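Let's take a look at the ligand and the pockets of this model. Have the structure open as you read.

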Amino acid sequence: MSTYQDVTNDLYRSAALSPNVGLCCTTTPAWQLKDLHIPQRMLDMNYGCGSTVNQRDLANDPRILYVGVGGGMELLQFAYFSRQQGGVVGVDVLDEMLEASRTNLLEAAKTNAWFQPDFVDLRKGDALHLPLADDSVDVAAQNCLFNIFKVADLQQAIAEMYRVLRPKGRLVLSDPICDAGMPDSLVHDDQLRALCLSGALPLADYIQMLTDAGFGTIEVRARRPYRVLSPKHYNTDRLVYIESVEVCAIKDPMPADGPCVFTGKTAIYYGDMDFLDDHKGHVLFPNQPLAVCDKTAENLRNSFYEDLMITDSTYFYDGGGCC
Ligand SMILES: C[S@@+](CC[C@H](N)C(=O)[O-])C[C@H]1O[C@@H](n2cnc3c(N)ncnc32)[C@H](O)[C@@H]1O
């Protein structure tokens with residue numbers, strides 16, 4: 001009997017041999033950067049649902065790991081920033097996908113003068129048993145692969161990323177999520193799972209899996225509408241709304257009082273004092289917004305300070321603030 005991984009491998013083997021345009025219907029435009037020219041076949045093979053490439057993660061010549069290479073578009077984008085031999089390691093379980101990526105990167109070398117194919121080290125391997133040493137990369141990324149995994153495999157895949165990251169390293173993820181939960185009728189559909197449609201978890205569960213693995217800081221960087229599965233077309237008796245998220249999990253030590261999860265909340269003090277000090281490391285000056293993690297937001301809210309606004313999560317966090 002075939003497993004969901006066999007079904008997934010069959011789907012992506014065929015998507016490697018012949019581009020399946022719109023397979024993952026990404027809503028994020030490809031990066032537009034000076035002297036970056038992405039070959040059309042790479043664009044056609046964009047099987048992700050967001051972006052994991054962010055200049056903010058890529059200072060100081062990081063060693064980058066990218067798992068689930070697809071057509072190689074994000075490998076090229078990471079290489080744009082790292083520009084060193086073997087600076088980006090790309091791992092995929094399928095020979096056909098590695099070959100498609102290799103071909104596309106050779107094509108990219110013709111139109112990107114800054115790029116040399118040996119900037120990317122393509123390796124066969126499984127996300128569940130990464131072919132890399134402990135503490136060997138600074139940034140690890142995956143786009144639209146982890147949502148396919150069933151929970152036990154997802155735990156293992158996250159643990160593997162944690163293992164290979166150096167302390168302070170960053171795991172950057174882009175995946176579909178489904179806050180209302182997925183109906184059982186769809187959860188057990190292996191083909192839909194392989195298509196990145198029915199493995200989506202609620203965001204809180206997704207984050208919990210990252211913090212359970214030991215990541216002390218989580219940033220929710222983007223959250224976008226993605227798909228609607230309707231009873232007209234899918235085996236469900238209700239509409240299922242799916243979003244895509246971009247999350248960064250940082251291998252910081254776990255704080256004694258629990259992880260810092262930034263979902264885009266901000267504290268603004270608007271009273272008459274010179275500043276408001278919570279004596280836990282947070283000093284708020286009048287009308288100066290302070291980005292706060294959900295834990296700090298909750299602590300401030302529970303302290304019932306006067307003239308303090310805590311905003312809702314924007315799910316658009318781009319650094320700074322408490323912790
Ligand atoms: C949905 S595609 C995403 C491709 C790419 N990340 C992108 O954004 O275009 C999933 C990718 O993961 C690969 N893959 C599937 N199972 C895997 C596993 N267990 N370990 C490593 N790669 C896997 C597939 O071959 C495919 O390249």
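Which residues come nearest to the ligand? Of the 21 residues around it (a heavy atom within 4 Å), the nearest are Tyr-47, Tyr-66, Gly-68, Asp-92 and Ala-127. Keep in mind that this is a predicted model, where local features need pLDDT of at least 70 and side-chain atom pairs pLDDT 80 or more, while totals for chains, interfaces and linings use all residues. Numbering runs from 1 along each chain as its sequence is written, and side-chain values use heavy atoms, with hydrogens and water left out.

Here are some backbone contacts to the ligand, as pairs of N or O atoms within 3.5 Å:

| Residue (backbone atom) | Ligand atom | Distance |
|---|---|---|
| Gly-48 | oxygen | 3.1 Å |
| Gly-70 | oxygen | 3.1 Å |
| Ala-127 | nitrogen | 2.9 Å |

Alone, the ligand exposes 600 Å², and the protein buries 97% of that (Shrake-Rupley areas, 1.4 Å probe).

Where does the ligand sit? It's in the largest pocket, with more than half of its atoms within 2 Å of the pocket's grid points. A pocket here is an open set of points on a 1 Å grid over the protein atoms alone, where a 1.4 Å probe fits, with protein on both sides within 12 Å along at least five of seven lines; lining residues have an atom within 4 Å of a point. This pocket has 32 lining residues, with Tyr-12, Gly-68, Val-69, Asp-92 and Leu-145 nearest its centre. Helix α1, a DSSP run of H or I with at least four residues, gives the most to that lining: five residues.

Note on methods
A polar contact is a pair of N or O atoms within 3.5 Å; within protein, one must be able to donate a hydrogen and the other to accept it, and residues adjacent in sequence count only if both atoms are side-chain atoms. Helices (H or I, at least four residues) and strands (E, at least two) are DSSP runs, numbered from the N terminus.
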